[in-house]
Amino acid sequence: MNFAPSGKLRAAINLGNPILAHAAGDGGAGGVSVDLAREFARRLGVDLELVVVDAAGKSVDAVATERADIGFFAIDPARGADIAFTAPYVLIEGSYLVKDDSPIRANEDVDRAVHRVVVGKGSAYDLFLTRELRQAQIVRAPSSPAVVPTFLELDADVAAGVRQQLEADARDRPGLRLLDGRFMVIRQAMGVPKSRGEHAAAALAAFVEEMKAGGFVADALRRHGIEGASVAPAG
């Protein structure tokens, strides 16, 4: 079981999910996922190297191709071919945003043939809505932070994403509103290339359970001022 064959633990960090990671002033990154990666590297007794990307799909690709040793992802069956996931450590809501004058009032109104729904390419909600929406057209923005700008630029009908990101966008741009409720629960987990074997996957899974049970994840959410995300139950 070797998590760091290069001599460093390379952790893929997705800045496209503001709940879990953010850009740091030194050009690096910070956040809940970085805290977890740093703690795991400390326990392994190796240095940490961050592989910072701006979209979920790039993070998945970095781990699947072993350019990173671990990563932080929303669990989705489409991502499971090359990556072994732990149980989730954080639960996040996926929500819809529309313009104030939109006739869309509820989540059930979204899936209509006349509607265009903007998502972040390769994100958990892109994968989920690609399976679930039967009539609405999906339009893919380059990344999750680009969803609302793309939604406005294209004069689309709905923006879909992480509720906290959409709430922040709505505060900054008058004339937008979130629909009540959620269309999915995003289960954020850690992952390791399946090629590293079952022992590596089991060790990472055990680490996540300890981080939840011991309060590390809850403390990290508080430390970074994250609201609206909750610690996942024991796996």
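## The largest pocket and its setting

Helix α5, which spans residues 163–172, supplies six residues to the lining of the largest pocket, the largest share of that lining. The model is predicted, and the pocket has a volume of about 270 Å³. Its lining comprises 17 residues, and those lying nearest the centre of the pocket are I19, Q164, G225, I226 and E227.

By residue class, the lining of the largest pocket divides as follows.

| Class of lining residue | Number of residues |
|---|---|
| Nonpolar | five residues |
| Polar | seven residues |
| Charged | five residues |

The position of the pocket follows from the origin of these residues: because domain 1 (8–90 + 187–231) and domain 2 (92–184) both give residues to the lining, the largest pocket lies between the two domains.

The chain as a whole contains seven helices and 13 strands. Its C-alpha atoms, taken along the principal axes, fill a box of roughly 55 × 35 × 35 Å. A compact globule of 235 residues would have a radius of gyration near 18 Å, and the chain, at 18 Å, therefore agrees with that expectation.

Burial and contacts add to this picture of the chain. Of its 235 residues, 52% count as buried, where buried means a relative accessible area under 20%. Among contacts in the chain with a separation of 6 or more, 70% are made between residues that stand 24 or more positions apart.

Methods:
Residues numbered from 1 in each chain as written. Predicted model: local features only at pLDDT ≥ 70, side-chain atom pairs only at ≥ 80, totals over all residues. Heavy atoms only, no water. 1 Å grid on protein atoms, 1.4 Å probe; cavity = no way out; pocket = protein on both sides within 12 Å on 5 of 7 lines; lining within 4 Å. Points joined across faces, edges and corners; volume = space filled by probe spheres on them. Helix = DSSP H or I, 4+ residues; strand = E, 2+ residues; numbered from the N terminus. Nonpolar A, V, L, I, M, F, W, Y, C, P; charged D, E, K, R; others polar. Domains from an automatic or database assignment. Rg over C-alpha atoms; globule rule 2.2 N^0.38 Å. Buried < 20%, exposed > 50% of the residue type's maximum accessible area, 1.4 Å probe, protein only. Contact = heavy atoms within 4.5 Å.
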